[in-house]
Amino acid sequence: MNFFSRLAGRQPPSKQVAKDRLKLVLIHDRTDISPAVMEQLKDEIIAVISKHMDIDRDGVKIKISDESATESRLVADIPLLKTPRRRR
């Protein structure tokens, strides 16, 4: 779905939504990670990073991407909050 379609508020076709969901299910099946484990992993990553940086906890997104038939990656998108620079 391109930028202008999202801006206009158009929803992606149900075919695309179904395809994306199936892809997500297949990735999770291949990596053998349940949604509960993914949520726990997300919570632990947030806890560790929050000790060192100010982050937007509600904006954190963690997913597993299927790069190829033999390789998957854990991808974390963690928005940082703007904070004043500290003097060193």
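I began with the surface of this predicted model, where I found that K15, K19, K23 and K63 gather in a patch of positive charge. I then asked which element gives the largest share of the positive patch. Helix α2, which covers residues 14–31, supplies that share with 3 residues.

Next I looked up one of these lysines, K19, whose place is in helix α2. Is K19 buried or exposed? I noted a relative accessibility of 55% for K19, and because exposed means over 50%, K19 counts as exposed.

I turned after that to E39, which I located in helix α3, the helix of residues 35–50. The relative accessibility of E39 is 41%, so I entered this residue as partly exposed, a class that lies between the limits of 20% and 50%. I also checked E39 against I62, which stands 23 residues away along the chain, and wrote down a separation of 8.6 Å between their C-alpha atoms.

I then went over the whole protein and listed its secondary structure, which comes to 3 helices and 2 strands. Reading along the sequence, I recorded the pattern as α-α-α-β-β.

How many of the residues count as buried? I noted that 12% of the 88 residues of the protein do. For the accessible surface I wrote down about 8000 Å², with 53% of it belonging to carbon and sulfur atoms.

Last, I looked at contacts between residues at least 6 apart in sequence, and found that 37% of these join residues at least 24 apart.

Note on methods
Residues numbered from 1 in each chain as written. Predicted model: local features only at pLDDT ≥ 70, side-chain atom pairs only at ≥ 80, totals over all residues. Heavy atoms only, no water. Patch = residues over 30% accessible without salt bridge, like charges linked within 9 Å, V, L, I, M, F, W, Y side chains within 5 Å. Areas by Shrake-Rupley, 256 points an atom, 1.4 Å probe, with all protein chains shown as cover. Salt bridge = Lys/Arg side-chain N within 4 Å of Asp/Glu carboxyl O. Lys, Arg positive; Asp, Glu negative; His and termini not counted. Charge placed at Lys NZ, Arg CZ, Asp CG, Glu CD. Helix = DSSP H or I, 4+ residues; strand = E, 2+ residues; numbered from the N terminus. Buried < 20%, exposed > 50% of the residue type's maximum accessible area, 1.4 Å probe, protein only. Contact = heavy atoms within 4.5 Å.
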